[in-house]
Each structure stands twice: as C-alpha cells, then as structure tokens.
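Work through the exercises below with the coordinates open. Each task is followed by a worked solution.

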Amino acid sequence: MSTSAVANFSQQGSVDWVKLANAPVNLTVGVLSRLSRARLEAITYHAALLIFRPAELSDQGQIRVYDAIKKTESFPSLNKALWFGFGIKHIIHDFAESREGLACVGMCAALNEYFNIHSSSGIISELWKMKKLPQDYTPALHQWSALIEACSGVLSATEFPLILGQILNQYHRNVLGTVRTSRTASSSESVAEVLHTVFEASKRDITEVHITGNRDCAWVAAVVHWLLKMEVEIIDDSGTICWASSHKWPSSEGYAKLIVYQDFTPSNRPEIVKKYHVLNGGRRLLSLSWDEETCDQPIGLGRVPWETCLGDTFGISVRELLSNYGGIVGRCLGLDARIFENCMCINGEKSSWAESAHPSAAITARKFALATRDLLPEIRANNEILESMEEMIERKLQDEKMEYETQLEALRTACACSRCRRESQHAVYEICMLQFIKFLPGLVRLLSTIQMPKNLSILPSVAGMEQLYRQHPDPLTHFESEQIFDHESIIHLSILLFCPSPQNIYAQMYNESRTSAMSAGGLCFYLNTLCNPTGPPDEASLLHVVPGRIHFNNFTYETIEDDRNALDQRGGFYVQSARAISSYKDVVASSTEGLDFTFNVAETATNSKILYSNYQISQKNRQGIIKFGIRELYTEICNAYSADDCQGKTCQTPDGIESIWTDGAGYISTGIIPAGRAPIVRALPNQALEILIALTQQKLANSGPLSTLLQKQLQGNQCIRCCLSGVINRGGEGGRRDHAGSFGPMTRNICILTDLRGIERTAVQDNSVN
C-alpha cells in the first residue's frame, strides 16, 4: 500500500480490496527501520495518514507543530550509551514531511496532553472505524497506543498545554472542590464523532459546529483553536461569550466556526447544533479524592504558568492567603526553613525523618529563601512575605517549633475550610490554608532538585499540584515540619507534578528504589547519576525532566533499572592497608592509578520496555570487578550527604581524634580494620572514581554471617575535625535497635573526605565549633 494509494482512497462506491491488498508498499528501508524502532507497523503508519488527511490544519497550526518537532532535542547519558528525548532519527520527522503527517503528530500529542494513553488510542481507533474499511486492514489497539507514545511530548513545551489550561479554567473556575466536582470522562466514540465532524466541516459545507457537554469540550476547543482553520467561541449558561479565539477566519472563504456551550451537568457529554454534538459523560469523580477509581480516570486538568501556578491551581483561598496574610505566610516559611536546617545540621546527627533529605533540596535556611524567590514568582512579587521570611531566618529564637505552632494557630483562625471551621456546616473554601502552608516548603524543595532545558521548560499540571497538596499530612495532627518530598520518591513526585493526566501516576507500577530513569506522559525523567556520577553531590543528585522517551540503540523504552542480578554476583578488589592514627599533619589523599570505568546497559527478552544498567570499576593488573547500580549510587549520595558547614568559623585541628586511615581504592575488608569505635577514614581526590566505590560499599567485606554495615558520611563544607566529630556523634559498633527493640546488625562509621583543609589550623578560643 503506497502513500499515494492511501491519499487517493475513494470514500464512496466500491473498492477492489484484492487489488489493494497486493499493492506495493512505497517505504524506504530507513523509514521501515524507524517505524520498527518506534514499535509501529507500516499499516499503522499509512492508516494514521488516512485518518488525519481530512484534518485541515491552519497555516499557523502547521507551523506550530513543525516548529515543535524541530525544537525537540535528545540528551545523552554518560558515554552517550543512552539518549533521552527525541532523536534526529525519530519517526515524527518522517510524519512531518506531509500535511496529514503534521496533523497526525499534532492531534496525537494533543490527545496525550489531556487523555491517558488508553483513552487516546481508543479515540484514534474509533476514528479509524468511521472509515468503514475491512477488519483485515485494522491495526491492533496496541498499535494505536504505540502511535500515541511516539508523538506524546511533542507539544509539552509549547503554548498548547497553557491554552488548554486557560480554556479548562472556564469549566473549573476559582473554587477548588465545587465546580471541579463535575469532572467526567466522555466515551471514546463521542469524542471521535466530534473530531470527525470537525475534520469534515469544510468539505460538507457545515458553517458552524455546536457542541455541549462536560470538560472534554474544552479540549476540543483548544485543539480546534490551536491547530485547525476554525474560529472558537465558548458560551456560558447565561448566553455570554466567556472565551473566544483571537483569530477571525473570513466566512466568505468557507471556514467553519466551533461554538461550545458550557454544561456542568456530570451526565452530559459533548454533542452536535448545526451540526450539534453532545459528548456523553462517564462516571462522576468524587471531589478530588485520589483513590483507585480516580486514578483510573482518563482526563487531566491542563497546565498552569509558573508565574501564577499557585493561584491558578488552588484558586481564591490561596490568592487571599498570599495577599491578606503575607506576614504569617512569610514567618511560617522562615520558621520551617530554620527547623529543617536544625534537623539536618546538628554535628552530622539527622532527625529520623530528615535522613532522606536531598543534597540539592535547599537544606539550609538561606538556600531555601533564595530558592523560594527564584522558583515561585507569586512569592517573589510579595514584599511582605519576603520580609517576614527573612525576619524569621535572622531572628534569634528560643524555640522555633513553638513559634511555628503559634503562627499556624493564627492562620487556622483565618482559614475557612471545613476542617478548620468544624463548627461551621458550610465551609467557604475547600483548600485548607494550614495544609497549603505545610505543602509549600516541600514543593520548593522538590522544584530545587529538578533541572530542565531553558528552551524546553515544562509547565506544572493542575492535577499534579493538587495531588501533591492532598498527599501532605493533616496539619491539625502533624505540627512537625514534615515534608511531602524525600530523595527516595523524587521520580514519583516529579511524574505527579508534570504529567498532564492523573492516570500517568505510575508510582504503584514500578519499584522506584531501583529506577534511575522513566518516561511517562510524553516526558522523560532521569537522574543525573546517569550523566555525571562523579560530580558534586548537589549536581550528581539532580533530576532531569525533558520531553520524549528513553532511547537505546534507537529503540524506545519506558524504564531504566539497576541490574540486580549483576549486582548480586559482584566480586571486587580490596584496600591493601589501614592504620590507626591520631595525628593528621602528614596525611594525604589516596589516589589510585589504572582504574577503568564502564557503563553497562542490557535489554531483556522478558520485558521489552525495561533496560537494566550498572557501572563497573576495575583496576589494571588486579583481579575483581566492583559493580554498583545507578540508582544505588544516587541513594548512597543522598544518604551520606552532610549539610553541616563550618565555613567562616574557626575550628580546632583534628589532632587527638582517633581514626582508622585507609589507603588505596577498593572495598574495605574486616582483615585490615581493627575492632573498636574509631571511625574509618577514606581520604580521596575530589570527584574521583574511588569515591563511587566508597559510597556504594554496603558492609565490610568478608565479615561472615554477622555482617558489619557501614554508615557513611560524605564531607560537605566542613573541615576534617568537624566531619570526624559528626561521624562520631552518629554512634556505631554496638548495632542499632529496630522497631521491636532488638539489636540489628553491627555498624561501623566511615568518613569519606574529599578536602583535607583544616589540618594545620591552630587551637582556638572558647567559641570553637568542637
């Protein structure tokens, strides 16, 4: 079946299907190869062109889709073994060579910005059925899913998600939990019927297409406005035009108009007057409850601009909170930052919930204040919030937690939600100001760990912002500075924040403790340990978010996981010597030559959507290979990171502190380490491969049935004495009690030094740190 044969399909009269079945396929080997790597069959490629041939993109619509495709990029991992995003050999570039191909990419990408992949593929399948072709020529449903996956993410960094969010806002105005309870999902058949009518309007002399129904009408309006040669008007229940496209097509040239009538009745679906469509609604969703039923819903809520993301997502109550109670908001943010810093930075001793803090997550109060200004424009624009936050960060307080609870209590009296006003039968707002003020620091810390290309910035989704808010503990029962964010859930939370549809929440579908990269909702999320494993902790632990998917050998994948089978069988080479010291004047960093670093990536026959990977280090002329996972390395960096900082302070020399000083690269074994509580020290060159070995050793080698676990601390902005003191304060050697009160495995503390400053400092005054 050639492209020209598809283009000239007769839609009336009889078709010689036998002759058609024997027609040659006019595709180059290169195109067939790219189709195969996208898991698409040739019949699906031709069927897609046929489906979208009637869709008449406007000149501006064609330019928008073409520019979006041209703008796509691909970003490499270490050694360019993997790529993230869209490559120059991606199949979307072949689609872009024709008008119907551009329409296909634009429509499929737009579908994925609102519906989940299953509903999107169902709509494409229904459009194909309307062609009324023999069943033998119908691609399987998984092929339509592959088509949606190939195109998803193309429009993520364009204006389309923002336009969609603006139109959706007409359906769920300012009050969260009132108008938004009318979320419904239309059937694939009704959405496909409306699209078919819109596509055929210019050919059938239909001057106006009128639709009414639920929120899916907003998606239809956004697509028609952004891509097609049609004007759009949205009319509310009073008959007033509440939104209209700015471009006016000349009626004399036969351009049609789409008129949308808002209908907040959950059972209604978009319909056709002159031709009039109603989209039939699916099940009504409960008010923002996030149970299994809600997660299965196939619709999203659009995206919001960073400049107004808080007010646009949470509505009147948050706008009122920021404008009328800026002093309380600022004081709460400043106090939260101080409490968090105190929990993280007390001589290396972290609180139980701060163990999972992230090196890039604005740990210190000063970094938090700067991150809040940079990441949330609505906060930056409010001087009262900024001044109050600075005041709390700088002021000397006896008890930050007590002051924090006082500020929360003052805010509770102003909050009009049902929980804070239990005596009131009719709460004014659904959003709780207390819960929001507890959610805000976690959002700042999450955003501070995410990195996106400047020209491909992704806007946050409304559904994701709401879900992150809903995940936070009840502020009336949790006054501690608990966070929605920790390093173990960074990929899950980022998917929640940026994926356009609630169904793209894949947290229950994969093991995040082993995952270093994942594609979802047309976006790719990958850890920087895949790109720069030896970088500083605050860089190596970043998460990248880009449009596209994971590519290996030009095939696409959904997930990269640590290769557990390879890691369970790892051998190793070992540190050759260790000695007890208490004087540090002559110590030097241990450098090892001849280390070879390899990045292994493997496919599996049992799951074609997952890649398994690991790093391995070997040394010339020595037996043994040390292997560790990419996610394992990220986790160890976060767990070992120390936020303590003695810069600007005068500290004593480390002389007098006993430690076990090791030399060389490799694993530490029990045979060279004397018993006792003295911490083990590994002094290694900054950003060297030896650091990766030290971080990923879980226990002392050859420790027998009673394993000795290693508690690691990676030197931050500290001198040697402060780093050693922090390690000593963490305890060890006696084992740790578990939740039942029994002692767990034996532990030894290990201090990983990357800077030997502070060795020659002299003793100091009474105000010394240690």
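**Exercise 1. The chain as a whole**

Task: State what share of the 770 residues of the chain is buried, and describe the exposed surface and the secondary structure.

Solution.
- Step 1. Note the origin of the coordinates: this is a predicted model.
- Step 2. Apply the cut-off for burial, under 20% relative accessible area. In this chain of 770 residues, 59% count as buried.
- Step 3. Take the surface. About 30,900 Å² is exposed by the chain, and 47% of that comes from carbon and sulfur atoms.
- Step 4. Count the elements. The chain has 28 helices and 23 strands.

**Exercise 2. Helix α20**

Task: Check the span of helix α20 (residues 400-414), then work out how its buried residues are arranged.

Solution.
- Step 1. Compute the expected span. The helix has 15 residues, and at 1.5 Å a residue it should span 21 Å. The rise is multiplied by one less than the number of residues.
- Step 2. Compare with the model. The end C-alpha atoms of α20 lie 22 Å apart, which agrees.
- Step 3. List the buried residues of α20: Glu400, Tyr404, Gln407, Leu408, Leu411 and Ala414.
- Step 4. Look down the axis. The buried residues of α20 fall within an arc of 105°, so they line one face of the helix.
- Step 5. Turn to the face away from the buried side. Met402 and Thr413 are the exposed residues there.
- Step 6. Find the packing partners. The buried residues of α20 pack against α15 (316-324), α16 (326-344) and α21 (433-447).
- Step 7. Inspect the start of α20. There, a side-chain oxygen of Asp399 comes within 3.1 Å of the backbone nitrogen of Lys401.

**Exercise 3. Salt bridges**

Task: How many salt bridges does a search of the whole structure find? Examine the pairs Arg445 with Asp336, Glu390 with Arg366, and Arg549 with Glu149.

Solution.
- Step 1. The search of the whole structure gives 20 salt bridges.
- Step 2. Take Arg445 and Asp336. Their closest N and O atoms are 3.2 Å apart. Arg445 belongs to helix α21 and Asp336 to helix α16, so this pair ties together parts 109 residues apart in sequence. Both Arg445 and Asp336 are buried.
- Step 3. Take Glu390 and Arg366. Here the closest N and O atoms are 3.0 Å apart. Glu390 sits in helix α19 (residues 383-394) and Arg366 in helix α17 (residues 365-375), so the pair links parts 24 residues apart in sequence. Arg366 counts as partly exposed because its relative accessibility is 33%.
- Step 4. Look for shared partners. Glu149, Arg549, Glu558 and Lys609 are joined into one network by salt bridges that share partners.
- Step 5. Take one bridge of that network, Arg549 with Glu149. The closest N and O atoms are 3.6 Å apart. Both Arg549 and Glu149 are buried.

**Exercise 4. The surroundings of Glu378**

Task: Is Glu378 buried or exposed, and which residues does Glu378 touch?

Solution.
- Step 1. Place the residue. Glu378 lies in helix α18 (residues 377-380).
- Step 2. Test accessibility. Glu378 has 16% relative accessibility, so it counts as buried.
- Step 3. Collect contacts, leaving out residues up to four places away in sequence. Glu378 touches Trp306, Glu307, Thr308, Cys309, Leu310, Gly311 and Leu322.
- Step 4. Check one of these in sequence and space. Glu378 and Thr308 are 70 residues apart along the chain, and 6.3 Å separates their C-alpha atoms.
- Step 5. Find the polar contact. The Glu378 side chain reaches the backbone nitrogen of Leu310 at 2.8 Å.

Conventions: Residues numbered from 1 in each chain as written. Predicted model: local features only at pLDDT ≥ 70, side-chain atom pairs only at ≥ 80, totals over all residues. Heavy atoms only, no water. Helix = DSSP H or I, 4+ residues; strand = E, 2+ residues; numbered from the N terminus. Buried < 20%, exposed > 50% of the residue type's maximum accessible area, 1.4 Å probe, protein only. Arc of directions from axis to C-beta. Contact = heavy atoms within 4.5 Å. Polar contact = N/O pair within 3.5 Å; in protein donor to acceptor, adjacent residues only side chain to side chain. Areas by Shrake-Rupley, 256 points an atom, 1.4 Å probe, with all protein chains shown as cover. Salt bridge = Lys/Arg side-chain N within 4 Å of Asp/Glu carboxyl O.
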